[in-house]
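Trainee: Could we go through this one together, strands to begin with and then a pocket?

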Amino acid sequence: MTLYLTGLHSGTNPQPGLGSARSLRAAFPKAHIVGVDYSPRSSGIHWPELDQIWLQRPWDEMHLPSYADRVRGVLDAGGCWLSGTDLESRWLAGQFPDAHPRLLSPSMAALQSIEKPGVPAAAAALPVRIAPYRHTAATSDWDLHAFCRAHDWNLWLKGPYYDAVRVTNWPALEAGRRFLTGLWTTEDLFVQKHVAGFEESVCFAAYEGELLGAVRMVKRDLTDLSKTWAGSITEVPESFLQPLRAVLRDLRYTGGGELEMIRDADEVLWLLEWNPRFPAWIYGATLAGTNMPALLVARALGLDAPATPVQARAFTRVVLEVPVNADHPLPPLPEPLPVTGFGLKHPSGLLGLAKNMHSTALAADTAVSTPPPLPAVPASYLTDLEAAQASEHPTPQFIFLPTVAEAGFRRTAAAAQALSGPGLTVLPAYSIKTNPDARLLQCARQAGLLAEAISLAEVRKALQCGFPAGDILLNGPGKWYPDSTFPEAPLRVVFADSLADLERIAAGVRSGAVKAASVGIRLRPPHITSRFGIPTDHPEAFSALVRAIAGLPESMPLSAHMHMASSTIGVERWLRLFQSTLHWCGAVQAMTGRAFASLDLGGGWAPDDWTTFLTNGLPQAVAAVRAQLPDVKELFLEPGKALAEPAMALAMRILEIKEDREGGRTEVVVDGSVADLPMGQFQPHRILHRSAGGQSPLQVLGRGTTQLQGRLCMEHDFAALSVGLPETAAPGDELYVCDAGAYDKSMSYDFGKG
Ligand SMILES: *Cc1c(COP(=O)(O)O)cnc(C)c1O
């Protein structure tokens, strides 16, 4: 009996080779076990129970067809092959399209049916769910950002084979994408929602579709990489085993397998992935009485299934020193890489295999060669840009899109009006600081919106633009800036950002210096980091708030305010925060004996989310306010970027197309800069292109390999990092960066202009 085992590395991110070897040795003491690996750095080659080590050239140096012939040779000679890496299984499946009775890993068809993230075979039949995901190569950046917002920026960016990067914001996603694409030589990545819960696995062995054995393992201790360090082994419940048996039969599955899952607080099992091999902890299952490598080998060789004693129902790992195999002396440490340190996470040379497979089109991602889809750009953007005769203007310059702007304000006003009714009026207020352009304030005024200011300077601007004082909300931590002269008529609401601020407002109200029809408190959201508002989530803070409210005149109507950007914390989380705000308001009412007359839900909405929210979210929120805070007569909303962002585009021109193309990347210098587009690297923008001369039509650009470098002499000056600029682009061409009307405009600054 000759058994070939691969994937021998035993480190903090271990492979299954050694666990399989120990299991097989326990069942077949006389077997000749050959450890196969592709790197002298793989620690398992020194394990004393291996009879022979067959060390190959590194994957990226190997002639893969010859190696396939040698594998076929050892199989034909009677050997069994247990692959210990996903990537090698995939390569082998390609080399043996008609399978081999002693190649103990799944066929290509089976592998395709269990591919992550969708894992179609399991999703259709097993009692598991798959967390929402998007393939990055098949999604425009604009839509990817929307997906991340919808899932609370609580996500993982994962490679097709191994590795995952936690993603909580756009720059992290872009950096992770560059890193993983470089590492694994593929754009075939996906973003998947994080699931909170406890990790467990089902591990099994099957031969030609017949289930030979299976266990359930619950992780009891983890490494820093969240790998198993200890676990307990139990039987797989029949409700899981029965459909698993059917799936394996349908796939004619051969080999080991592990379904990695998370059990959430509601007992729902979320399938993360189905690995086409045994897990590294496989010897733990052997200790618990189910020796799956031995069952698999016995079945393949037509032997009786060996008996396995139960030693314990749980296992833990320890760290052992073993003598180094004299035939394979230790190599020196590699040169440290500047960014990632020592590249030792994948010591078996898997990165090289990925590269080699990619260059020979064997990888899973051949479908990725189609360019990523273009983002949808509404026709009104193009007509407004054409009407503005944007080509005539010097660049860089912001171009106002009047139809786009008006449509946003009108839609908002109409939705608010439709949701207003007896007892409760919904009142959107445009956030001035987001973009104080008078044209936007005029749009707001004409559509019937209020104005929301964070300083008395902004109050003055609103008054100049025709807003009566009673249509202005005043908010924020520095509202007395630049001085504290109030307009003669009272403002609609003045919100306190802290207890000190509340005391100052109360004193001002008593002395007549602060003229407000209502005084509000901004509540600091519990469990979310925010520097704003009055904390409520511990008893002392809460009672201090209750005491401070008692200092306000009885006749003064009270308002409450929450503001947390859903574009940052995600839409689902925002909705939960809203629910919790209603509860906190109820608690404040109960403790003070005073009812809130109005509620302000703040801003922070991405334009697309806002449009959705107006019809799906806001109606439910209004109903909840009516039900839970019946004394609230006015519900304020404070959209800023939801209305301003689409309303302007930044026009730029290409200055230079650099000749050096680094790693397939084209570097292009534009006359715009980080000073004109400060949010360029923090969120995606849709970009339009037109050849010089202004005659040709505007074309939407997708993602690509062009880096738009700003005109400034600063290392971090990029307008965009990965743009699909056409080959024909030339100096003088026009670029219009859409979605630049909010903080790009208001926070842009003069720099490098003499
Ligand atoms: C900035 C601000 C807004 C608007 O935020 P956007 O992200 O532009 O929607 C609303 N309310 C308050 C209190 C603000 O400070």
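Trainee: Which residue in S8 does leucine 157 stand opposite?

Mentor: Quick caveat: this is a predicted model, where local features need pLDDT of at least 70, side-chain atom pairs count only at pLDDT 80 or more, and totals for chains, interfaces and linings use all residues. Residues are numbered from 1 along each chain as its sequence is written, and side-chain values use heavy atoms, with hydrogens and water left out. Strand S6 (residues 155-158) runs antiparallel to S8, joined by four bridges; strands are DSSP runs (E, at least two residues) numbered from the N terminus, and two of them pair if DSSP finds at least two bridges between them. Opposite leucine 157 in S8 is valine 191.

Trainee: And what is the bridge partner of tyrosine 133 in S8?

Mentor: Strand S5 (residues 133-135) pairs with strand S8 (residues 190-193) in the antiparallel sense, over three bridges. There, tyrosine 133 has as its partner glutamine 192.

Trainee: Which strands sit at the edges of the open six-stranded sheet?

Mentor: Its order is S13-S12-S9-S10-S11-S14, with antiparallel pairing. Edge strands each pair on one side only, and here they are S13 (269-275) and S14 (314-316).

Trainee: Which helix gives the most to the lining of the second largest pocket?

Mentor: Lining residues have an atom within 4 Å of a point of the pocket, an open set on a 1 Å grid over the protein atoms alone, where a 1.4 Å probe fits, with protein on both sides within 12 Å along at least five of seven lines. Helices (H or I, at least four residues) giving two or more residues include H7 (170-184) and H20 (607-615). With four residues, the top contributor is H6.
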